Amino acid sequence: MFLINCPFCGEREQSEFKAGGEAHIVRPKQPTELSDDEWAEYLFMRKNIKGVQFERWNHVHGCRKWFNVVRDTSNDQIKAVYKMGEKPPN
Amino acid sequence: MKNKYSIFSLIKNALSNHENWQRAWRDPQPKKEYDVIIIGGGGHGLATAYYLAKKHNIKNIAVLEKGWIGGGNTGRNTTIIRSNYLWDASAGLYDHALKIWEGLSQELNYNVMFSQRGVMNLAHNLQDVRDLKRRTHANRLNGIDAVYLNTEEVKKFCPIINTSPDIRYPVLGGTLQKRAGTARHDAVAWGYARGADEMGVDIIQNCEVKGIKRNGDTIDGLDTTKGFIKAKKIGVVAAGHSSVLANMAGLRLPLESKPLQALVSEPVKPIIDTVVMSNAVHAYVSQSDKGELVIGAGTDDYVSYSQKGSHDIVEGTLSAILELYPIFSRMRMLRQWGGIVDICPDASPIISKTTVKGLYFNCGWGTGGFKATPGSGDLFAHTIANDEPHKLNAAFNLNRFVSGDLVDEHGAAAVAH
């Protein structure tokens, strides 16, 4: 259990949010031209990092907006929060 | 040679105050090279080593475990065993395991306390009723014992369930698999470890893999905290950490690792003599031989390796338990813990070769791997020894995420994810 600093509402309990998985997976520009391997890569393969991971969250029981979080998955500590479309921090 | 466990060995050792029991397994240092190295000393890994030695006559095997054997998910699950899965491929896989469970204590000469007390899955809405009836029919076509019960029959089989129509999610019916049940999880790891050790398998604890060395497209060996170890073949059975190991070998897996929680109550006299699972309200409960209620909660929806889960998940599960079993309202919980489960997009496991020659993965068991331990070990051993899957695990290959031939078991997985 941890707190998430929603960029729109401020700090709230994690249970107010829905995790949206790995961030920055770009939807293919030309889906019709993708091979089966590329589809598998896009749809199913995940980094599933133990350590610092970039991910999407939705404040589903609050403002219902999506944003990005940088979190260490080994101890659930959040390193940074940034809005959709913003450049991820280094 | 191991001494056989029996009533006579028990009496003999009782007379010497239990001070002279033989070690159940050795504590060896790693050799320079092995024919097969299994990464992960949980139930699945130890079973794999056991069947490699027993059925495939491979003797030069090591099992590497970063902590102690059975200290991961093998010692953290709620010990439920059943095979009532929907699809033919899953039915074959899980019922293969269940058949091995039925003779496992005798085979290992180790009491795994397998108890076929039945597993009941409850329906709480009309869609549940339809799904569970469909699953019962599918099970019976596959030769798996399953029956559908109406509300009165559910109440008769487990009288403490609140079947009042006035509760928030009333019990509309359920399925029952009588051959299903529970086993003692630690004993499974220890029994397989003892059996594998007897056949010469080196079980190396406190040995963490730090890197997987490749020679082009062939496996070379492992960098570990006990030095470099060469291997002709490597089988990875690392549950929640499978993606971490795949990354070391330059592979990607379709997995997400999430915390799954369970808890036990203070021990009480026998009150529930079966296993009751309820997917819709997310609560399942059984009673251990010590008398504790064993309660399974759900997964968190975010990736985490912290072996802690969120408090609200436990709260949700316990409120459902109390609605279904008002008799437990004064019970106190003794312990709560989390394990990291590796979840596949189709809620089915991967027992497969990879694009690297000599590297095999057994992972993606998600929230329900314990029940499959013996079958998983047997089929993974077959896959490693023959470099080909057995027909029972052929559908559970990695390539299904490319071909689209998924085995969608979200309904039968019983833990929502």
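In chain A, four antiparallel strands form an open sheet in the order β3-β4-β5-β6. This is a predicted model, and it is a friendly place to begin: first the sheet, then the contact between chain A and chain B.

**The sheet in chain A**
- The edges of the sheet are β3 and β6 (77-83) of chain A, each pairing on one side only.
- On average, neighbouring strands of this sheet are turned by 35° against each other, direction ignored.
- Strand β5 (residues 66-72) of chain A runs antiparallel to β6(A), and six bridges join the two.
- Within chain A, A:Val70 stands opposite A:Ala80 in β6(A).

**How the two chains meet**
- Chain A brings 26 residues to the contact, and chain B brings 24 residues.
- About 2100 Å² is buried between chain A and chain B, with carbon and sulfur atoms giving 51% of that area.
- Three residues, A:Phe44, A:Met45 and A:Asn48, supply 31% of the area that chain A buries against chain B, more than any other three residues.

**Polar and charged links**
- Two salt bridges are found across the interface of chain A and chain B.
- A salt bridge links the side chains of A:Lys18 and B:Asp301, at 3.3 Å from N to O.
- The interface also has 14 residue pairs in polar contact, both residues at pLDDT 80 or more.

**The side of chain A that touches chain B**
- The elements giving two or more residues to this side are β3 (18-22), α1 (36-43) and β4 (52-58) of chain A.
- By class, this side of chain A has ten charged, eight polar and eight nonpolar residues.

Conventions:
Residues are numbered from 1 along each chain as its sequence is written. Chains are lettered from A and ligands numbered from 1 in the order in which they are written. This is a predicted model: local features need pLDDT of at least 70, side-chain atom pairs count only at pLDDT 80 or more; totals for chains, interfaces and linings use all residues. Side-chain values use heavy atoms; hydrogens and water are left out. Contact means heavy atoms within 4.5 Å. Buried area is the accessible area (1.4 Å probe) that two parts lose on being put together, summed over both. A salt bridge is a side-chain nitrogen of Lys or Arg within 4 Å of a carboxyl oxygen of Asp or Glu. A polar contact is a pair of N or O atoms within 3.5 Å; within protein, one must be able to donate a hydrogen and the other to accept it, and residues adjacent in sequence count only if both atoms are side-chain atoms. Ala, Val, Leu, Ile, Met, Phe, Trp, Tyr, Cys and Pro count as nonpolar, Asp, Glu, Lys and Arg as charged, and the others, Gly among them, as polar. Two strands pair if DSSP finds at least two bridges between them. Axes are lines fitted to C-alpha atoms, for helices over the stretch in contact, and angles run from 0 to 180 degrees between N-to-C directions.
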